[in-house]
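Here's a quick tour of this model, from ring contacts through to empty space. Have the viewer open and follow along.

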Amino acid sequence: MGKGIVKLGEGNWAVKDGNLLAAKETNGRFKNTEFTVSRGTRASYVGRDGLIKESNLQDVNLVNNGNFEELGDDLVTNGTFDTDSDWTLENGAVINNGSVNIIGVGSRFKQDVLTVGKTYKLDYQVVSTNGESFRFQDGVTAFADINQAVGYHTYYFEATGVRVQFQALGDINARIDNVSVQQVDPNDYWTLGTGWEIIDGTAVADGSVSGNNYLISTGTDSVVGKTYKVVFTVSDYVAGNVRVRAGQFASDNVNANGTYTQYQVSTSTETVRVQGSSSFEGKIDNISVQEVKINTPRIDFTDNTDGHLLLEPQSTNLITYSKDLTQLYWTTANLDVETSLVIAPDGSSYANKLVPDDGIGGFRGLSRIFNSLSGLHTVSFFAKKGEYNYIMLRTRNSPNTGVMFNLDNGTFSINIDNDILVDNSIYMAALPNDWYRCELTLDPSEATTVGQLNLGWNVGITGDEENSFSGDGVSGVYLWGAQVEALPYATSYIPTSGSTVTRDSETCTGAGSSADFNSEEGVLYAEIAALDDNQTYRAISLNDGTNNECVRLRFNTTSNTINGLVRDGGAGIAQTSYQVSDIKQFHKAAFKYKSGDCQLWIDGVQRDTSADTFTLSTQTQLNFNQGTSSDIFYGKCKAIRVYKEALSDTDLQNLTS
């Protein structure tokens, strides 16, 4: 077969500096032929493991010691008292039998190992005591609140002196062993503001500051204009607000326990910091700040093991709380929304469980109404069977009016008595761990209230028994990742957490140079699938940087049609077309271009020819558009090849079979 200069995909994908690399046909090695993807926002895709991923999330966490668990080396020598050495013993203190014995008022033992201003973790064991008092001190401050009962204890303190000292206050007879002192945050990754402490692997604010009080990271500064994924956990919440800032005032305040994920666009160059306000009292932990590199290709593995380049138009998720279904944004009826430990489709925990109560009759579900809509809208969500195997998406406020999804076998049934459901739009995609993504397209103009989508996820109903059904208060179904978008088909999941979120459209352009292509003859081949049969042009082209001199392979404005053509001097010539059964399925298409001899091959068969003549100017690039920024290819591409010679019929048949 002829020499393929540019080759993309076929299970062989590589990304360098955010650009998608092509490979040589002759040896499969990646060459310096880069496709540039431009999107402008973060986006999701299905990874090779079947889980939903973030588009090229940076591996590096900008926050060091974000779990506050780093400890320095033990500063105490002979803390196990195995020998009578290293400690200064005074006023009757004595080391024997593997511990230190303090006897009588003023009896003490000490080492000078601390640094003033540092925070330390003190571990010690009280082996025995007669009940009289002792204290721990650093040479300046006496910490009388340490635990003096028999047993192992831990105490955190900020040093005002350099000493580690235990001293008897009363007529005591006590034995102490296993003394250890380690610096907390030994690399000084955090600067503690007033009212902040690091205790037992968490950062703790005591509520003493009514205004802003900061916990400042010494990690990498945020960069203006870049997008960051910020994750943190709040626990033991008492009062006030707290947020994590990866730039000036870019994050949301939170005031409840939970794990929070926020996306921030930095508005200033600033180190990452925790900001408490309004007398924040509580704990924060597990802080992660990662850059989201937005202009990156998405290699998606939905329904195939080789992966495909996914290119999508702009879309907005109109549901503002897509994952946290416990929010008041959602309306519940005769049902509890529980936070479970079931692994969600993105690999995280805490998918919600919808549990109908034990009453009898009526709607048992979760609902949300959208008004004043125009045009087709597509609803999608992720569901997993629990004790029940089914969930119904109701499309209006009427019993048993919707689509029933069977989460045990991936089938569905329809019970809609009006025209709101678009024909042949229901789809279920299986994901790992028994999850399904369920999709259907609705026409709000056909709703009982025109322009309205009255959506309700009904749990536990299998047929027409809504008025007699009773839950048990325990059994349910898992739900995650709800999405409503103003498109006639579903796109990749767009996560939201308090507002609608828009994913920008994306383009893929610019691979190759004049040395890679032959303007007189060749073959443009692609294995592609459309997102929808929406009868618009969606093109892949060899071109000279204009729309006037190009070779195109594209989805056409005729339903389910793939088209190959040449444009010479701004005129469309050598046009070839074929109507497939479903352009939403992958097809292997090759367009052979040669003046007077053009052929379109699809799925192993020559489908159309053209004998038109042409003289093309030099072709300089391969784009997923018509040659300029129109007719952008939105769809899926498993593979693409460009050959510098017109292949034989046998080679074309083999290539497209």
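## Charges over rings

A charge counts as sitting over a ring if NZ of Lys or CZ of Arg is within 6 Å of the ring centre and within 35 degrees of the ring normal. By that rule the charged end of R42 sits over the ring of Y263, 3.2 Å from its centre. K638 does likewise with F586, its charged end being 4.8 Å from the ring centre.

A bit of housekeeping: this is a predicted model, where local features need pLDDT of at least 70 and side-chain atom pairs count only at pLDDT 80 or more, while totals for chains, interfaces and linings use all residues. Residues are numbered from 1 along each chain as its sequence is written, and side-chain values use heavy atoms, with hydrogens and water left out.

## Aromatic pairs

A pair of aromatic rings is described by the distance of the centres and the angle of the planes. Here, rings of Phe, Tyr and Trp (its six-membered ring) pair if their centres lie within 6.5 Å; planes under 30 degrees apart are stacked, over 60 edge-to-face, and the rest tilted. The structure holds 30 such pairs. Take F381 and W457, which meet edge-to-face at 5.7 Å centre to centre, with 90° between the planes. F381 lies in strand β32 (residues 377–385) and W457 in strand β38 (residues 453–459), so the pair ties together parts that are 76 residues apart in sequence. Strands here are DSSP runs (E, at least two residues), numbered from the N terminus. F381 is buried at 0% relative accessible area, and W457 is buried too, at 1%. For those labels, buried is under 20% relative accessible area, exposed over 50% and partly exposed in between (1.4 Å probe, protein chains only).

F382 and Y493 also form an edge-to-face pair, 5.9 Å centre to centre with 85° between the planes. F382 lies in β32 and Y493 in the loop between β39 (477–485) and β40 (501–503), so this pair ties together parts that are 111 residues apart in sequence. Both F382 and Y493 are buried. Elsewhere, ring pairs link a cluster that includes F81, W87, F109, Y120 and F166.

## Nonpolar cores

In soluble globular proteins, nonpolar side chains tend to be buried together. A nonpolar core here is a set of buried Ala, Val, Leu, Ile, Met, Phe, Trp, Tyr and Cys residues joined through side-chain atoms within 4.5 Å. The largest has 43 residues, and those with the most contacts inside it are F35, L309, I540, V566, L622 and F624. Strand β42 (residues 521–530) gives the most to this core, with four residues. Apart from it lies another core, of 38 residues, among them Y329, V337, I391 and A447.

What does L309 touch, leaving aside its neighbours within four places in sequence? Its contacts (heavy atoms within 4.5 Å) include W13, L20, I299, C508 and F624.

## Cavities and the largest pocket

On a 1 Å grid over the protein atoms alone, a cavity is a set of points where a 1.4 Å probe fits but cannot get out; a pocket is an open set with protein on both sides within 12 Å along at least five of seven lines, and lining residues have an atom within 4 Å of a point. Points are joined across faces, edges and corners, and a volume is the space filled by probe spheres set on them. There are two cavities of 30 Å³ or more, and the largest holds about 40 Å³. Its lining includes R42, E54, Y493 and R503, with β40 giving the most, three residues.

The largest pocket holds about 1,400 Å³. It is lined by 41 residues, of which T259, Y260, T261, K323 and S497 lie nearest its centre. β6 (52–54), β22 (227–245) and β23 (258–265) each give two or more residues to that lining, and the largest share, six residues, comes from β23.

## Three polar spots on strands

Q183 is in strand β17 (residues 173–184) and is buried at 16%. Setting aside neighbours within four places in sequence, its contacts include E70, K118, Y120 and D188. S277, in strand β24 (residues 273–292), is buried at 11%.

D206 belongs to strand β20 (residues 202–206) and is partly exposed at 43%. The C-alpha atoms of D206 and E520 are separated by 76 Å, with their positions 314 residues apart along the chain.
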